[in-house]
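Q: I am new to this structure and would like a close look at a single part of it, namely the salt bridges. Please take me through them carefully, with the surroundings of each.

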Amino acid sequence: MRERLFFCDGYNSLVVGIAFRYVSLRVRVAERKRAKGSIPPLLRISPRRKLPYRRPLMDTLKSPLDTQKALEKEMLQASLELSKVRALRAQEQGAEDNQPYGARLLKATVLPTSERVTGWLEQAGSGKAGRRHASHAYIAAAGADIAALVVCRTILSTISGRTTYTEITHAIGQRMETEARMIDWREVDPEHYSKTLDHVAHSGSATYRRTVMNLMANRAEHEWEEWSRDTHGKVGEKLLELFIEATGLCQIETIWVSAERRSTIVTATEECLKWIEEAREANALLHPQYWPLVCPPKPWSGPRGGIYYTLPRKLKLIKTRSAGLLEEMEHMDLSLVYEAVNAVQASSFRIDRWALDLLETCVAQGIEVEGLPLTHPVEIPLRPEGLTKGSEEEKEWKRAAAQAHEAEAERRSTRRTVADVLGLARRFKEYPEWWLGTQLDFRGRFNYLSVLSPQGADWTKALIQSGRGKPIETPEQLRWLAVALANEWGYDKVSFADRCEWVYQNEERILAVAADPLAERWWMDADGPFRFASLCREWANCVEHGWGYVSHAFVQLDGTCNGLQHYGAMLRDPIGGAAVNLVPAEKPNDVYGQVSVVLTGKLRRILSLNEGNEDHQRMARLWLALAEEMGRKLTKRQVMVLPYGGTQQSCREYTRKALDAWLETKTGARHSYRTSVEYRSARMAASPFTCVTAEGKESDGTWAAAAWLTPILWESIGEVVVAARQAMDWLREVARVVTSEGLPVTWFAPDGLPIQQDYREDDVKRIDTVLFGTLRLQTHVAVPTDRINKAAHATGIAPNFVHSQDAAMLREYVRLAALNGIQAFNLIHDSFGTLAADVDMMRACLRAAMRGLYEYRDCLGELRDHLRAQVPEKKQSFITDPPAPGSLDLSVLEEAEYMFA
């Protein structure tokens, strides 16, 4: 296929046809303006000017490889320093149990401590001869598991420091009393207990939870005989003693604190401290924050040892825990896989300084741009007074609180990511080009190692350009830069010619954004605001410098619901294939819009036939008006996730999120910009589903509305996406047959990459506490059980199989593109990018790769034969034939203009 693409005359004519299929933007604009006696700024081509060369701030006397080796040492040292800072902060805050080493110690000590406590309780409570310890009844009230978790977390939270014996034993005793009291309160007054637990569930502070739980128990007049200080001490002393016997991690010693005073303290043993230091350093060295490289990454020639040159641990090509799989790969011919991965790694990048300055300004000034995290925390809605247990109002409050907690957690995580990305961007902006290491997941999909990569958020993508640009010398090449602008704005459901026309109509604003993005903030309304702004700047540079301007900007083209594209091609489905642009068309088809049309038709039918009761008719009427207004935005996510394991439950969740997004637009602000009271009032006013509940309270009704629409929407999706659903059902059935024999599901990609879907069950012990939440412990942390997780295999087979196919197609594209001269790759799974000068070649290679993957192969038939060979002969008949292929002629893929658009 690659040779045929490179040499045949058909390919050359195809590229020529592509390049001149549409009248160029410049020619059309010129003809239009000449009639009016003026020439637009775009056509005032100035002589080609060389951009000033900025000398990189690095040691130019060193070779790139020497510089890279030095950077790798710096990278590891930075990871070590960061781990020290985090450990010291955790020690100061008494939160070492949340550090990686603390979490490992916790999981390693809870079960042995629980067993030791259990044995002591049985012995002390047996009635045999011997002194009954005063703390027995108090510890038994909470139980061995809770007691073990309390003592382990209390001790491990300050394991690296020195804590006085009295302080730690009384802390253990106080926490044990809270747990015992809460168990009693739960039994006598479950309603008030549950309400209070819901209120404190968001907090990670054991002290806060203990204070609030005890306060609310007192207000609820829960009768409880408080433990004395002496009791706290005795309970803590006994549990500390049992912990030391079970683990040997700490010791009790007496030290002189002055000439006249001694103190008894609890400290970790020397062996424990040494292990903690080694574990912290090992974690930092084995799992550092990976940086870009300043020379081409070390090529992959086997399943281990690529990318970096001096790391203490060899990286794995495939992220898998299966050492056996990697061992088998050592003896396989994976030359095609290595060829593709190495070609991607050979593509260099650089930092767009203009975009970096813009991002830094927005972060520093707190400018609100979609995608950037807020500078202030998300407000958590408090529990309203007078809520009835189990009522719809309580459920709605819980949902709102859960969403707020989720938003706050996401905000914090995103802020950390922004800081990491900006740090790396500042570090590497002086290098004229740098590279990114690449690994594969177990399906074969590409993943860049660094957080500074094209697979990041919009503001990360905007920072990255190709390290080696190419001049824009023809109108056809310029056209693709215009298409990229329109795509990033969100104007991508029209023809390429219309997208170019849109750029011409908005060129004045585009140039204004490039000149001063803080004065002209139009770019903030784009789907990808920072990427759109950076392309505005690239367009302005092209206008200023004229033909021959060396462009470093990536032009991205995305597949149309790529999972459905692969199902359509492998099943040769003419209906599904047309819906996702596998066949030629004058403008792109929109599968999400088609589902929306089917949905509105069903809602009209409900109204015309007067189906259901009054509430049913009301819901249909309101949803019809909303579906007509929202269009494809209502159905996009539900259809998008279908080939990746989407269910009716996920359909309901995404329907609710689409409705929430619409409400945020109507209220003029995102949820997190408002106080909970303001937001609730705004939602009530904007929601068409606002109603009064049975308890007489007002609700925005979004959850009930989403639940009502979901079965109708799910049925609508099934009418548009028919063949893909049949294939997904077949995949689940054959996975159940294979796993019934205790076998994992495996298959091979077309280029020989082994795919192993190996989900195993874990032995898990669950401990629920008030102060520390829920802890789930694997009894065999390092060694999984031999039991196959049948449910996980059945759920995962459909998305994993289609992901393995799109990954195989991506690797074939890379091989074809590299053979045909493309060196700039910007890959995001189903989104493909290169320089404007190479887009025509990229599109030809993409179509050839998709056609070659399926035209001469029956991939589902190959999977059937492979799985039949794995199971006993008596079970082979249970692996039925896959759905029969349809009538789609895959040769039309070569002319499918909008397959990747």
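A: What follows is an account of the salt bridges, one pair after another, with a short look at a helix at the end. The model is a predicted one, and it holds 35 salt bridges in total.

A suitable place to begin is the pair formed by R153 and D97, whose closest N and O atoms are 2.8 Å apart. This pair links distant parts of the chain, since R153 belongs to helix α7 (residues 144-156) while D97 sits in the loop between α4 (64-93) and α5 (100-124), and the two residues are 56 residues apart. R153 has a relative accessibility of 14% and therefore counts as buried, the limit being under 20%. D97, with a relative accessible area of 7%, is buried as well.

The pair of K238 and E241 has another setting, and here the closest N and O atoms of the salt bridge are 3.2 Å apart. Both residues lie in helix α11 (residues 229-247), with their positions 3 residues apart in the numbering, which is about one turn of the helix. An α-helix has 3.6 residues a turn, so residues three or four places apart point the same way. As for their surroundings, K238 counts as buried because its relative accessibility is 9%, whereas E241, at 35%, counts as partly exposed.

A further salt bridge joins D865 to R864, with 3.0 Å between the closest N and O atoms. In this pair D865 is the partly exposed residue, at 41% relative accessibility, while R864 counts as buried at 16%.

Salt bridges can also be followed through several residues: D751, R811, E812 and R815 are linked in a network of them.

Finally, helix α21 may be considered alongside these pairs. The helix covers residues 529-545, and because each residue should add 1.5 Å, its 17 residues should span 24 Å, which agrees with the 24 Å between its end C-alpha atoms. Helix α21 is mostly covered, for 15 of its 17 residues are buried. After the helix comes G546, whose phi is positive, near 80°.

To return to the pairs, the bridge of R153 and D97 links distant parts of the chain, whereas K238 and E241 both lie in helix α11.

Notes: Residues numbered from 1 in each chain as written. Predicted model: local features only at pLDDT ≥ 70, side-chain atom pairs only at ≥ 80, totals over all residues. Heavy atoms only, no water. Salt bridge = Lys/Arg side-chain N within 4 Å of Asp/Glu carboxyl O. Helix = DSSP H or I, 4+ residues; strand = E, 2+ residues; numbered from the N terminus. Buried < 20%, exposed > 50% of the residue type's maximum accessible area, 1.4 Å probe, protein only. Expected span 1.5 Å × (residues − 1).
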